[in-house]
There are 2 protein chains.
Amino acid sequence: MKRRNLLRMIGMTAGSAAMYQAMSSLGLASESPYKGPNPLGEAPKGASVLVLGSGIAGMVAAYELRNAGYKVQVLEYNARAGGRNWSLRGGDNYTELGGFTQRCQFDPGLYFNPGPWRLPYHHRGILSYCKKLGVPLEAFNQVNHNAYLHSEKAFGGKPQRFRTIKADYQGHVSELLAKVIQTRKLDEQVSREDQEKLLDSLRQWGALDRNYAYVKGETSSLRRGFAKDPGGGLTGRPVQSEPIALKDVLDSELWMGIPPGEDYERQTTLFQPVGGMGRIGEAFGRDLGPLIRYNAKVVDIRQDDHGVTATFEDTSKSDSPRQTATADWCVCTIPLSVLGQIPMNVGSQMADAIAALPYASSVKVGLQFKRRFWEEDDEIYGGISYTDLPIRNISYPSCDYQSSGKGVLLGAYMWGLDAMEFTSMSPEQRVSKAVEYGSQIHPQYPGEFDNGIAIAWHRSPFALGCFGTWSEEDREKHYDNLCRFDGRIVLAGEHASYVPAWQEGSVTSALDAIGRLQLRAQAAGSQT
Amino acid sequence: MKRRNLLRMIGMTAGSAAMYQAMSSLGLASESPYKGPNPLGEAPKGASVLVLGSGIAGMVAAYELRNAGYKVQVLEYNARAGGRNWSLRGGDNYTELGGFTQRCQFDPGLYFNPGPWRLPYHHRGILSYCKKLGVPLEAFNQVNHNAYLHSEKAFGGKPQRFRTIKADYQGHVSELLAKVIQTRKLDEQVSREDQEKLLDSLRQWGALDRNYAYVKGETSSLRRGFAKDPGGGLTGRPVQSEPIALKDVLDSELWMGIPPGEDYERQTTLFQPVGGMGRIGEAFGRDLGPLIRYNAKVVDIRQDDHGVTATFEDTSKSDSPRQTATADWCVCTIPLSVLGQIPMNVGSQMADAIAALPYASSVKVGLQFKRRFWEEDDEIYGGISYTDLPIRNISYPSCDYQSSGKGVLLGAYMWGLDAMEFTSMSPEQRVSKAVEYGSQIHPQYPGEFDNGIAIAWHRSPFALGCFGTWSEEDREKHYDNLCRFDGRIVLAGEHASYVPAWQEGSVTSALDAIGRLQLRAQAAGSQT
């Protein structure tokens, strides 16, 4: 079966198996390096597409449509490509809604990702574009057993090492279940034979001793760490550590820091582009070159039987006259939070869907310190410390391990009310506040702090929020209406996906949309 | 207190707190980059030390003793520095006992570590030397949720993804304990209040549903992975996956693959030097330069009241006359498996200790393939697949992710009888056998195999084994005798540590030994 026919067939059965899977097998995904021509087949002669937004979704669409032979033009609000795919580096300026302007003062080579920062191994779409565009990847360290779990309310506010909470929780749970088995209370649920196997596994899994107890000893220390590490010679004898009681582990609620790294979306292997997540957007931007018109603020979108016209203003010039761009089709990737404010003649189904989706508010703070004290003093190399303070996360750089000189970490990743409260302050105050909170976990903060930058997504002029937050109800009611073509317009982006907030949602949404666009364009072409 | 006095004090109380901790605080460890002069203080004028072996222990000793002002000479059997710290690259030759010679045929840039391959974050000693010597590190990926767990006897021999076994084991265990709590069978062990907290935590930790059941659903799929991943647009609806029953998880014994990555020695953050573990030995070798005499096979070690003399042969020349090297003191780092065969006039306590320690037999196989199919086909980026086949481990490279071209992986890491059986074959046959076994996990093996190399430690002429295997009894009886000075001779190496098989054992053993050497040398110096 020819590639084009295959795509036509699977594209026809919407909601069924898998435009995406099909595209994978055609070479778009990481399974086999894509070598052939474009996955869409050939564009109908002379067909044109207007892409609104040069975020990941817009650029994936533009890249593939261009390769298929479409005449493509991209309108982008910002002066750069990438959208929420973005890294801030020294010298970068950013102005948020309300007028606060920040200038990033990081040292050369250091960066901070205000938007996405992780790439899961199963996000084949975005990974395959990294490969195609030559964006090198390195491991992102999500789980660091030596990072901290912290609560103001637990252990007198003293941060605990991830490894001790994890080992102790798992050990106590294993011991409890082992006791239940030994007292024959599980006979109804599990066969005697399986109980024996379960006991054996619990001992190894929970680091229990010979009597199935989770207690101070070499076995538990080889999981949770020692009071004094084993060493060499006559001074090397290790000192075992004392587990924390189950009650204290439970009361602390620090166990809540364990699951994140086990979730499918944050399991190993995670990646980050070398040099910052923004390297992906930058690479796409270079590849698309003059197809992207920057500083173009779309103020109106009109379609009729013949095509789609976007009206835009050039934000780099004052008193810029309104201009227009026209094409046969439009792939609109503008975040719904922004799109909802732009006049566009689509039907009520798509319009209602656009209006329905609320966006998350979020603040991220990047902090530069004079030295990498988290490595030098605390032996924390990459990974994330979790706290119940409003800053929530401190994420240490997963690169340049053991390097000397300054370092930048993620000093806060805040949501909802915390994020809103933070934006009642100026950016400078937000940074100060993040340093103040972080000092509870790292007392070195005040002495080592150098400079910082605070990005609030709900105050971003180009996104007006972090990502679309679908409820089950909203998705049931609006999702398909959001994704379906309305005349000559189709929407794409993380908001038009089942992978909200992730770049993979943008990629797969764009691929799905242009697959359908191609079918329509071909059908239209064959009628003329 | 002056550095030297502090060291003197702590050195005097052997077995007590911590030469190592002290050295840490003096700047040897990663807490603070070492900036000051050497940690030993000054050598007595004219004092000399003969170091036997240029493995990690020998070179740490030589490095610090030289910096302190000792006259240092190192005798090394091999033509290179590093000992078991070693990376094989294209063009390298290796001859094992019995005469089999292998020539490594890897492509440029690819390597294989026959010896140590991982650096835990808490191995401060070896990490600090990486920093001092400018050896860049990158993350070693131990746990890869998408790697395989495999048993010939389970699931019809079909490899299972790590994530599914881990999620299902943890989910079922959580469900069982939750049921026990709900049926009030835990009232004796845990307070009612804590039971509520435990239930809440089990639900999150085990990925249970609202009814505390571990069942097919979004919650469990967000842990174990989906049957069809979520995507974008109209074709993006995910398909949930079906958990494996507890009985099948237990019967498979695949859960045994979970604990390794949770152990203190293999927890995140793990490192590897960029370009191969051998980069550390090479850097030490460059730093020590002419202090190391290569191709020097020690055949006799004599001491008297005035010094120590080692007799050696130059293995690079046939009919080389025996030569000698003499110094005031000797730090001997030759593996006990070899040292036991070299005449040396030490007392029975040290001699008995040397004779007592058995060494592990081990085989590692490095395999080069024509392409990185584990990434391209299986989405496995770094990490380790475990199997109950004799090869035990397949470890994928934790570097150059998504790169094109060839790749080298660890195709076997075998122990004991399996290792002995493998060495009844020629190296070529061992490599073939590793490919044959590995094909059960990766059917791509036969088609993609390029070349390989198989290193058997028990047949290594310079180590005669992988590492010293201490039993509790042996350690009780012999360890201190092994580590104590015998006259002017002190031993160091992983065998003289509580961290056997790890380079950190070598480093800390060497630091402990030279700390005591300095005290003795100073005492001897002040008497003359």
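Two strands are taken as paired if DSSP finds at least two bridges between them. With that criterion in hand, the tour of this predicted model can begin in chain B.

**Stop 1: strand β2 of chain B**

Select residues 71-75 of chain B, which form strand β2. Of its 5 residues, 4 are buried, so the strand is largely enclosed by the rest of the structure. Next, add residues 292-293 of chain B, the strand β12. β12(B) runs parallel to β2(B), and 2 bridges join them. To see one of these positions, display V74(B) together with its bridge partner in β12(B), I292(B).

Now add residues 48-52 of chain B, strand β1. Its pairing with β2(B) is also parallel and extends over 5 bridges. Here L50(B) has Q73(B) of β2(B) as its bridge partner. To follow the connection, colour helix α3 of chain B, residues 56-68: the chain passes from β1(B) through this helix to β2(B), in a right-handed β-α-β crossover.

**Stop 2: helix α3 of chain A**

Move to chain A and select residues 56-68, helix α3. The distance between its end C-alpha atoms is 18 Å, which agrees with the 18 Å that 13 residues should span at 1.5 Å a residue. How many of the 13 residues of α3(A) are buried? The number is 11, so this helix is largely enclosed by the rest of the structure. Among the buried residues are M59(A), V60(A), Y63(A), E64(A) and L65(A). Directly after the helix, pick G69(A), where phi is positive, near 110 degrees.

**Stop 3: an open sheet in chain A**

Display strands β7, β11 and β8 of chain A, which form an open sheet of 3 strands in the order β7-β11-β8 with antiparallel pairing. β7 (119-120) and β8 (137-139) stand at the edges with a single partner strand each, so one side of each has no neighbour in the sheet. Strand β11, residues 270-273 of chain A, is joined to β8(A) by 3 bridges. One pair to label is A139(A) with its bridge partner in β11(A), F271(A).

**Stop 4: backbone geometry in the loops**

Step to T269(A), in the loop between α8 (246-252) and β11 of chain A. The peptide bond leading from T268(A) to T269(A) is cis, with omega near 5 degrees. In chain B, T268(B) and T269(B) are likewise joined by a cis peptide bond, with omega about 0 degrees. T269(B) lies in the loop between α8 (246-252) and β11 (270-273) of chain B.

Remain in chain B and centre on F155(B), in the loop between β9 (148-150) and β10 (160-161). F155(B) is not a glycine, yet its phi is positive, about 55 degrees. It counts as partly exposed, with 17 C-beta neighbours inside 10 Å. Then select R184(B), in the loop between α5 (162-182) and α6 (192-206) of chain B. This residue other than glycine has a positive phi as well, near 60 degrees. Is R184(B) buried or exposed? R184(B) is exposed, with 10 other C-beta atoms within 10 Å.

**Stop 5: the contact and the confidence**

Finally, show both chains. Their contact takes 86 residues from chain A and 85 residues from chain B. On the chain A side, the residues comprise 36 nonpolar, 29 polar and 21 charged. For the complex, the predictor gives an ipTM of 0.92 and a pTM of 0.92.

Colour chain A by pLDDT: the average is 93, and 92% of the residues score at least 70. Over residues 1-37 of chain A, however, the pLDDT is below 50, and this stretch has 68 contacts in the model beyond near neighbours in sequence.

Methods: Residues are numbered from 1 along each chain as its sequence is written. Chains are lettered from A and ligands numbered from 1 in the order in which they are written. This is a predicted model: local features need pLDDT of at least 70, side-chain atom pairs count only at pLDDT 80 or more; totals for chains, interfaces and linings use all residues. Two residues are in contact if their C-beta atoms, placed from the backbone, lie within 7 Å. Ala, Val, Leu, Ile, Met, Phe, Trp, Tyr, Cys and Pro count as nonpolar, Asp, Glu, Lys and Arg as charged, and the others, Gly among them, as polar. A residue is buried if 20 or more other C-beta atoms lie within 10 Å of its own, exposed if 12 or fewer, and partly exposed in between; C-beta atoms are placed from the backbone. A crossover is right-handed if, with the strands pointing away from the viewer, the path from the first strand over the helix to the second runs clockwise. pLDDT is the predictor's confidence in each residue, from 0 to 100. The expected span of a helix is 1.5 Å times one less than its number of residues.
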